[in-house]
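Visitor: I would like to learn how to read the places where a protein meets DNA, and how to read its pockets. Could we look at an example together, one step at a time?

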There are 2 protein chains.
Amino acid sequence: METDWVAGRRAQMMEETRARLIQAARQAFATKGFAASSMDDLTAAAGLTRGALYHNFGDKKGLLQAVVDRIDAEMAARLAVVGERAESPWQGLLDEYRAYIEMAVEPEIQRIVLLDGPAVLGDPSTWPSQNACLAETTRRIRALVAEGAIPPVDPEAAARLLNGASLHAALWVAASDAPEATLAKALDAFRRLAEGLAIG
Amino acid sequence: METDWVAGRRAQMMEETRARLIQAARQAFATKGFAASSMDDLTAAAGLTRGALYHNFGDKKGLLQAVVDRIDAEMAARLAVVGERAESPWQGLLDEYRAYIEMAVEPEIQRIVLLDGPAVLGDPSTWPSQNACLAETTRRIRALVAEGAIPPVDPEAAARLLNGASLHAALWVAASDAPEATLAKALDAFRRLAEGLAIG
DNA sequence: CAAATTACATACGCGGCGTATGTCGATGGA
DNA sequence: TCCATCGACATACGCCGCGTATGTAATTTG
């Protein structure tokens, strides 16, 4: 009979394999993009072959999905920490979005989650991960409405629009040749938009 | 010697060829996406071969660029008409963005310009077409600031953020199973954000 | 009239994806 | 203890699609 100990060890091996593939994929997708990344190269870099990949993730898109889910979860965690530190819920929201924009400038996040992800996997809301990052900001806006800090608004709608605005701000900053100045302009404009929620 | 008449006729033939390829590409890219569209199928549908394609557009990305430029120009023209019809400049801006969101729901525009375009060609601001659509909204915001209708803000920053918000609103609406209701919620939230520009 | 150029079509090679098949260790019943 | 099974990968194969090199017919130029 298979002991729990042995079974657990086997499962741990598989998780190790998956983790290594995901890590290699992050590296490849971030630097070369999804389309230009070869599965052979990618798996070889992880010390495996395409067999392991198709066994664990089904196909190339499945691997991208796994990578996206992982990064998205990391982003949501980072956002929650930032939002919690703020002195007021409203300031927490602004801080979260500032952090979001700054994260979205990171090449890995921008390339994988914001460009290739939607293009290959479709609208983020249809992702299995349900876009934890979006859920986090939606939750925060919902709380603001519930406690009367801002006038009623559909939380998901507001979160989606603000996320979209942040994402484009990040693309703009990343492509700019004066990132600092561009970021400042983007953040200023963003604040103006967000305050429309607080006032209107 | 080549007469002007003959030269003009030759140029017209090439434009005809380019137009047919672009049209076939629009159809293919819109329905199957850029990556899944075969150049052989695409050119055959236009009654040509890949030879014509590489001669006129360089490579597959070049064709996408041409398609994107064309659609972008059409969008900008449609937006300008909508904005001009409004009774006030501010209302013109709101009308333009309403039109933008509704356009962005159209599968062809969403798939080609908003998803595959940025993923394959990079940030829209780096496109040769200079994103006529974005330029149009930037121009309008600049005018609003100039005439004192809204407090000073960097026009490009504001336009980019609003475009991003609109785009994500459109993705949301398109993926929704109750598009009408979703569109209403999106438009309401968008109006709140935009008013942040007017007030803040 | 020969040489060069244009605007395509045809032919070829290479890489990459997905799948079918093989392998090896672990498991589990007789 | 032995063999049949199964899971987790590796290997092998075929097909498709892109880019490029080459061919070709019409036209222009010297």
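Guide: Let us begin with the protein surface beside the DNA, where helix H3(A) makes the largest contribution to the surface near DNA strand D, supplying five residues. Please keep in mind throughout that this is a predicted model.

Visitor: Which elements each supply at least two residues of the surface near DNA strand D?

Guide: One asks which helices or strands bring residues to the surface, and in this case they are helix H1 (4–32) and helix H3 (50–57) of chain A, together with helix H3 (50–57) of chain B. In total, 18 residues surround DNA strand D, and the closest are Met14(A) and Thr49(A) from one chain, with Met39(B), Arg50(B) and Tyr54(B) from the other. Sorted by class, this surface holds seven nonpolar, seven polar and four charged residues.

Visitor: Which part of DNA strand D do the atoms within 4 Å of the protein belong to?

Guide: Here one separates sugar and phosphate from bases, and of those atoms of DNA strand D, 67% belong to sugar or phosphate, while the rest belong to bases.

Visitor: Which side chains have an N or O atom at a short listed distance from a phosphate oxygen of DNA strand D?

Guide: One looks for pairs of polar atoms, and among them is a side-chain N or O atom of Thr49(A), which is 2.6 Å from a phosphate oxygen of the strand. On chain B, a polar side-chain atom of Tyr54(B) lies 2.4 Å from a phosphate oxygen, and for Lys60(B) the corresponding distance is 3.1 Å.

Visitor: Turning to pockets, what volume does the largest pocket have, and which residues are closest to its centre?

Guide: A pocket can be described by its volume and its lining, and the largest pocket has a volume of about 440 Å³. Its lining has 18 residues, of which Ala35(A), Val120(A), Phe34(B), Ala35(B) and Val120(B) are the closest to the centre. Helix H6 (107–121) of chain A and helix H6 (107–121) of chain B each supply at least two lining residues, and by class the lining has 10 nonpolar, two polar and six charged residues.

Visitor: And how much space lies in the second largest pocket?

Guide: The second largest pocket holds about 170 Å³ of space, and of its 13 lining residues the closest to the centre are Pro107(A), Gln110(A), Arg111(A), Leu115(A) and Ala174(A). The largest share of this lining, four residues, comes from H6(A), and domain 1 (1–58) and domain 2 (68–199) of chain A each provide at least three residues.

Conventions
Residues are numbered from 1 along each chain as its sequence is written. Chains are lettered from A and ligands numbered from 1 in the order in which they are written. This is a predicted model: local features need pLDDT of at least 70, side-chain atom pairs count only at pLDDT 80 or more; totals for chains, interfaces and linings use all residues. Side-chain values use heavy atoms; hydrogens and water are left out. A residue is near a molecule or strand if one of its heavy atoms lies within 4 Å of it. A polar contact is a pair of N or O atoms within 3.5 Å; within protein, one must be able to donate a hydrogen and the other to accept it, and residues adjacent in sequence count only if both atoms are side-chain atoms. Ala, Val, Leu, Ile, Met, Phe, Trp, Tyr, Cys and Pro count as nonpolar, Asp, Glu, Lys and Arg as charged, and the others, Gly among them, as polar. On a 1 Å grid over the protein atoms alone, a cavity is a set of points where a 1.4 Å probe fits but cannot get out, and a pocket is an open set with protein on both sides within 12 Å along at least five of seven lines; lining residues have an atom within 4 Å of a point. Grid points are joined across faces, edges and corners, and a volume is the space filled by probe spheres set on the points. Domain bounds come from an automatic or database domain assignment.
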